[in-house]
Structure formats: structure tokens, C-alpha cells
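Please consider one part of the structure below closely. The request that follows concerns a pair of helices.

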Protein chains: 2
Amino acid sequence: MTPPTTPALTVVGTVALDDVTTPAGTAEAVLGGSATYFSLAASLFARVGLVGVVGRDFPGRFRDLLGGRDIDLTCLETAPGATFRWAGRYDGAMNAATTLRTDLNVLATFSPSLAHGHRHAPYVFLANTAPAIQLSVLSQLAPAAPGARLVVADTMNLWIDTARDGLLEVLRRVDGLLVNDEEARSLAGHRNLISAGRRLLSYGPRFVLVKKGEHGAFLFARDRQFALPAYPLEEVRDPTGAGDSFAGGLMGALAASGRSATPDVARAMLYGAVTASFAVSTFSVDALARVTRSEVEARADELRRFVTL
Amino acid sequence: MTPPTTPALTVVGTVALDDVTTPAGTAEAVLGGSATYFSLAASLFARVGLVGVVGRDFPGRFRDLLGGRDIDLTCLETAPGATFRWAGRYDGAMNAATTLRTDLNVLATFSPSLAHGHRHAPYVFLANTAPAIQLSVLSQLAPAAPGARLVVADTMNLWIDTARDGLLEVLRRVDGLLVNDEEARSLAGHRNLISAGRRLLSYGPRFVLVKKGEHGAFLFARDRQFALPAYPLEEVRDPTGAGDSFAGGLMGALAASGRSATPDVARAMLYGAVTASFAVSTFSVDALARVTRSEVEARADELRRFVTL
């Protein structure tokens, strides 16, 4: 039986303070982190259990912002030390961040511990962290009947290069993989993105979602391929968190629907594209924290028309 | 009244001998040129009148190849001198060609002259040439009632940089513009592609089609925006002619349908994407010259499924 405090969706990832410079400006010590963007996007659709860690310096207003949404903060631990801090810069077409500084701080010794309710969530997202941490989360999940839980993992080139075995073990144990185009090429060892996507399926997950930034996203599954463009935005101010917001909209929409078959994943990508479009329209989580469900639905309708022949 | 020898579709552009090197190999003195790729793609759907020039060295087997398809070669002039020759190389991701040599040869003094039938064609494509040549073609077209003819123009950065006034005059006189993403940004003076597309509409055409290579194409019209991904190919051997084959499939499908409203253009993009996918799968026009209408329809069905939510 599902305990009453079970969130629909558990996410394990980072909560950060970011210093970001883009052609549109600069923001310092603003709220960031994969679990933050994910949770704000996903909580537009379903109750999220956020598993992560912050330092004692984490501003109360940021905690209030998260707690004021449909986000369970029981598993957001506060540890002695400073909050994880990331500094990055985007230039020109803003296709990729240059990392200027990464201070792990409290993240260096973080070992996620899931509350009882969080272990039973029917939807789980493993944001980009060390495969060892992702495996630890997988081992804490309560047993579920086949098809009763959807687990999706993200990763990054650092782990592809330095912890490939652990990552391949993660891939054997999750339902979906969410990566960007460069990560897909690198992990699969194929320059052609279509070949790369198909190859990644052979590593275990039943679907692979490849994010291509302004060029949209591809879904690869055994029975289906699907392509969705990005929502057509005239102004991008800060691309930070685009991928995690995409993941949040996707998983949130799936959790709200209670479904997870390939066509459901394809439809949920529409919401991922929309939440990502809000995320990148301002610095930090400003737009994501403000946007309403009905604004999301309006943009989803617009994107649906944008792709309908 | 339409003369009996009127092709459905007139194209004015280049017929070339190409020397191409890609990561997949090298081809020398192979059949190329914008009007060539366009005509082979378009003739899968409708009768094409090709307006262009070749030199006395133009191999008979290439003329036979074109003449063996539904292509009217009345206006393919043979001039004293050598055929236009282009040499280029594609590296790595094959996103852009490096031009190694351009010998205009007979093209240097080419002044297109349209036969009576070609002037009456209800669909006209002005492939990338000097705006002065495009304007000369426009002035030769027989008068047509509003909406009775669809004229679409291509261009390139050379003319955007060196013949902007002539190009803007062309844009005031055509229905559609077909450019790649870099050309769209450069011509509009906007880095954001969505803003660029909208700005280009203000220059005159009622639709602007922006080709993004492996990332597909955007359609901008006053009442509609539409995005289509590229056909998902696992192997690209030679990107030469992708854009012209896209244009050929698009215009050919429109000519076959007899329609040209925005939703018709959106649907015809599917055929553009498919003919382009065949073009890039081999060197030169090998695949385009071989492919059948039913193979095109099968791939169009596949692409339709690829984008259907």
C-alpha cells in the first residue's frame, strides 16, 4: 500500500547557488541546481519529493520558494558547510556553458537517504550525479511490480569519461535515459545522432530521450522514434537549467497522467519543451517560479499547433 | 490559355560538375548544380522546365540522365566553353561546405532566356543566383492572376553581402523565400532564428522557409509557424544539394497538388525533407536519380509518423 505521504515523483539531484553570465546579463548567488529546476517544473503537475542537500548558508527565501510549491522538502537535508556553488558563462549562441568554478561544498559528502514515502513514489528521476549515488538511490527504492514505476536517469560527460561501468550499471536498471546530443554521441561512440540513440537503447533503458537545446529533442524507443522541436522563443536570457526543467515538465506530466508508455512519453515531451522555454526566458528560476499551469497549457497548445501538419 | 508545352514548374539555376570530398570519400567531375538537384527531386512529382547553361564538355550521359526523367531541357543551353565547376569539402559533422574552387566558366556570361511555355508555368523556383538574374527571370514571366502562380527564391550570403538592394527587390516580388539558418540570420540581422524568420516576412514574401540541415526546417508565415525535423538518417555521405533537393521536393509536391496556401506549403515540406534525405545518402545525384515515387511516399509516411504526437 502506498503511504499517504508518498509524493508522485521523487527527484534526487543538486540544489545550488549559481553565478551566471550570459550575453543578456549577470546573476550572482541565485537559486539553481538540477533538483531545483526539476522540482519547480514538475510541481506544476504533481507533488514532488526533493532529495538533496544544502549548506547552512542556504537562504531562507529560497527554501520558502520551494516549500511554497507542491514540493515535499522532508529529504532536503541541511549540512554543516556551504551550499554547492556553480559559476558559468554562456557566449554567443548560448549553446554550451563554460564552467568557471565548481565548489562541491556540502555535496562532496552527500549520501542521499530517501524517506519511506519517497521510496514508494511511482515516478523517480535521477538527476545528473555520480553513478554511485544514482545506484544508491535505486537500491533504496521499495520493490515495485513490473511497470508500476518509471525511473529515468540523466548523466553528463564527466561520468561517461570517468565512471562508465557504474553508468552502464545504472542504465541496466532504469526505464529511461535523458541526455543531450553530445552526451549521447559520447556514450554511444557514434557521431550520427540517430545511430547513437539506437545504440543507447541496447544498453538497457526502454527509451532514450536526446535533448538538442534550441533544436528540440528526439525520443528513441524500440517501437518508435519521435522528434519534437523546441518551443520557438524569440529571447533566451539564461539557458541554465533548460535540461532539468525539460525533465521536470516531462516527468511531472507523466506523473499527473499516471501513464508511462512510449506514446505517453512523446506527449509529455511537449510539457518538457514548454517548462524549459519558461526556464530559459529569465535568469535562475524566476520564470519557472512564477508561471501558472494555465500559462503552461497555453504554450503547450501553441507548440502542438507548431508541429501539427 | 496555357500552351500545351508548359511545364508545371520552371526552375532557373546552375548545372555543374562537382568535385566533392567528405568523410565518406571523394567524387570527381560528378553531376551537380542547384537546378540539377532541384529538377531531379521535383520531377518525381511534376514536369519540370530546367533553365540553365552547360559547356560543350557536358557529358552526354548526364544530359541523358536528366532527359530520361520528366524534365524539359529546351532551355538548357549549351554554350562554348566549360561547364560551371565547383569543388568543395565537408569535414566532421558535415554541417557546412568549404569551397575549394569555383570556376564559373559558361556561367559567367549566362543570361537566362525562358521559352514561351516556361514563362507560363504556375510554379517557379529561382535557385541561388545573382539577384540581377533572378529579376531578369521575374520580368520574363507571363502575367498571372493574383494567386495563380507561386514563385519561390533561394539566395546565399554572397548576395546578402554584395547585392542586398537587388535581393530586397527580388523579395518584394516573390511569394516565398527559402534560405538556410545562417543566411536567415545574416539577411535579417537577428541572431535569434525565430526573430529572424519573422523579420524576413516583413521584406515581402508571404512565407519564409528556413532550412537547418540535420535539424530540419522552419516555416514562417503571417498566420502560421511550423517546424519539421529532418528525416532521421543514420548515414550521410555527401550533403551537397540537400537544400536544392529540399526545394525540389517541396515545389514538386506543391505543383502536383496545384495548391500553395500555407498549410499546403507545410505539408509539402515533408516531401522536401524526404527528397533531401535521399540526396545526401549518396554522392552526387546517385540516389535521387534512382529513387522511385513509391519509395518517396514510404519515407514521407515514416517522417509523418516521426512527428505525430
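Q: How do H1(B) and H9(B) lie relative to each other: parallel, antiparallel, perpendicular or oblique?

A: This is a predicted model, in which local features need pLDDT of at least 70 and side-chain atom pairs pLDDT 80 or more, while totals for chains, interfaces and linings use all residues. Residues are numbered from 1 along each chain as its sequence is written, and chains are lettered from A and ligands numbered from 1 in the order written.

In chain B, helix H1 spans residues 34–42 and helix H9 residues 242–257 (helices are DSSP runs of H or I, at least four residues; strands, E, at least two). Their axes, lines fitted to C-alpha atoms over the stretch in contact, come within 7 Å and cross at roughly 40°. H1(B) and H9(B) are therefore oblique to each other (under 35 degrees is roughly parallel, over 145 roughly antiparallel, 65 to 115 roughly perpendicular, the rest oblique). The crossing is right-handed, the near helix being turned clockwise from the far one by less than a right angle.

Among the contact residues (C-beta atoms, placed from the backbone, within 7 Å) are Tyr37(B) and Phe38(B) of H1(B), and Gly248(B) and Met251(B) of H9(B). The residues of this contact comprise 7 nonpolar, 6 polar and 1 charged (Ala, Val, Leu, Ile, Met, Phe, Trp, Tyr, Cys and Pro are nonpolar; Asp, Glu, Lys and Arg charged; the others, including Gly, polar).

Chain B also meets chain A, each giving 19 residues to the contact. Helices H8, H10 and H12 and strand E14 of chain B each give two or more residues to that side, which divides into 11 nonpolar, 4 polar and 4 charged residues.

How values were computed: Axes fitted to C-alpha atoms, helices over the stretch in contact; angles between N-to-C directions. Contact = placed C-beta atoms within 7 Å.
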